[in-house]
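Reader: Please take a close look at a single part of this model, the side of chain B that touches chain A. Which elements give residues to that side, and what relates the two chains?

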2 protein chains.
Amino acid sequence: MTEFKKTDKTTITRLPKRGTYDQDTIYSILDEALYCTLSWSDEGQSFQIPTGFCRIGNKLYIHGSVGSHYMRLLAGKKLPVCIGVTLIDGLVLARSAFHHSVNYRSVVLFSRPELVSEPDEAYAALEVFTNKVCPGRWDDVRKPTDNEWKATMVLSFLIEEVSAKVRSGPPKDDEEDYSMDVWAGVQPLSLVRGALIADPALKPGVAVPAYLKS
Amino acid sequence: MTEFKKTDKTTITRLPKRGTYDQDTIYSILDEALYCTLSWSDEGQSFQIPTGFCRIGNKLYIHGSVGSHYMRLLAGKKLPVCIGVTLIDGLVLARSAFHHSVNYRSVVLFSRPELVSEPDEAYAALEVFTNKVCPGRWDDVRKPTDNEWKATMVLSFLIEEVSAKVRSGPPKDDEEDYSMDVWAGVQPLSLVRGALIADPALKPGVAVPAYLKS
């Protein structure tokens, strides 16, 4: 088991038994999440934005428009950022209001942006990101043109100062409450992919590809 | 239509047509989301945490343990915060990699914490929060004891400096790409509540309540 090293910023003080620094756990949460929340600080004020991302090895990648204010700010100043990912797995319904909780898996990463200038690395980031969101999609679609690449900025963040927090399982009530006539348990929550909605402008005769049917 | 006033921090510059300041839209996103991401700045470093919340009128409420480091920090220093909420509605599958997108509804709020010291206001925040996550739950469960109230801190945030961003509908491709033999459209995503899992320690004979069956 590979563990990330705790730092002042990543040492979990509140409910520390839920904390983990295990690399496999952290990578699996990052690889499942469809977006992250990226926050930074500017003159004492925090800002945040939700954005898609992917992981390759020990780096997290985001991309955006070269015209994006925050991408330029991050890349230009290499500002320290905080990146968070949260997966909600269920509502934990206890007998007491006080012990209600949520089953979740979350990651918090502290890092700094690096502008990805190597074309192969940028290409890989976009390919992995596209296939993460929709496995098999990259091979099927028109690849970026030179002008589209010029309009795209890719940033990487080293995954090093990072922690995860996980809660799972049934509620934990006070001993005397277990005899109450209140239903208790977990209501699972999951992000479900629904039936495909074809673009009204879809070219007639174009079938749904196999990778989208499963 | 009531609109929030734009400020320097909430004026949307990137894809401004997706931006909205409409109160009903912003409140509906806040009322649907099960958690928010709260970020703050400490000596130039941004921190963030996911947390449950609810809205009552023009205030957003969170609660936590009085032993929580960040709750104490926020309440003590009344730090400026950024609070974000994101609902992912679907993957937008375009014919080109470049035009892939996501249908989403997001809110970003800038505010400062106020410690809720009025018992009625704190009670209402917990009741509304519990019923938001699980409608009908509050009446069914054991209410907080005096000691539990003493262990709980409730913070409010005025909803005033706020904006939303919404994308919906099919992909928008470059004109010349519409003739490609690539399937395009939207794959809807939704957070679905699964079959209830009873606590293994559930008292025999306690049935699932009606409000949990729908």
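Author: What follows describes the contact between the two chains and then the symmetry that relates them.

The model is predicted. In it, 79 residues of chain B are in contact with 79 residues of chain A. Both strands and helices of chain B give two or more residues to this side. The strands are E2 (36-42), E3 (45-51), E6 (81-93), E7 (101-111), E11 (185-193) and E12 (197-198), and the helices are H3 (119-133) and H4 (137-140). E11(B) gives the most, with nine residues. Sorted by class, the side of chain B that touches chain A has 44 nonpolar residues, 23 polar and 12 charged.

There is also strand pairing across the two chains. Strand E11 of chain A (residues 185-193) is joined to E12(B) by two bridges, and the two strands run antiparallel. Within E12(B), B:Ala198 is the residue that stands opposite A:Gly185.

As for the symmetry, two copies of a chain are related by a rotation about an axis and a shift along it. Here chain B is superposed on chain A by a rotation of 180° with 0.0 Å of shift along the axis, at an RMSD of 0.0 Å. This is the relation of a two-fold axis. The C-alpha of chain B nearest that axis belongs to B:Leu191, at 2.2 Å from it. Both copies use the same surface, since 100% of the contact residues of chain B recur in chain A.

Notes. Residues are numbered from 1 along each chain as its sequence is written. Chains are lettered from A and ligands numbered from 1 in the order in which they are written. This is a predicted model: local features need pLDDT of at least 70, side-chain atom pairs count only at pLDDT 80 or more; totals for chains, interfaces and linings use all residues. Two residues are in contact if their C-beta atoms, placed from the backbone, lie within 7 Å. Helices (H or I, at least four residues) and strands (E, at least two) are DSSP runs, numbered from the N terminus. Ala, Val, Leu, Ile, Met, Phe, Trp, Tyr, Cys and Pro count as nonpolar, Asp, Glu, Lys and Arg as charged, and the others, Gly among them, as polar. Two strands pair if DSSP finds at least two bridges between them. Copies are superposed by least squares on the C-alpha atoms of residues with pLDDT of at least 70 in both.
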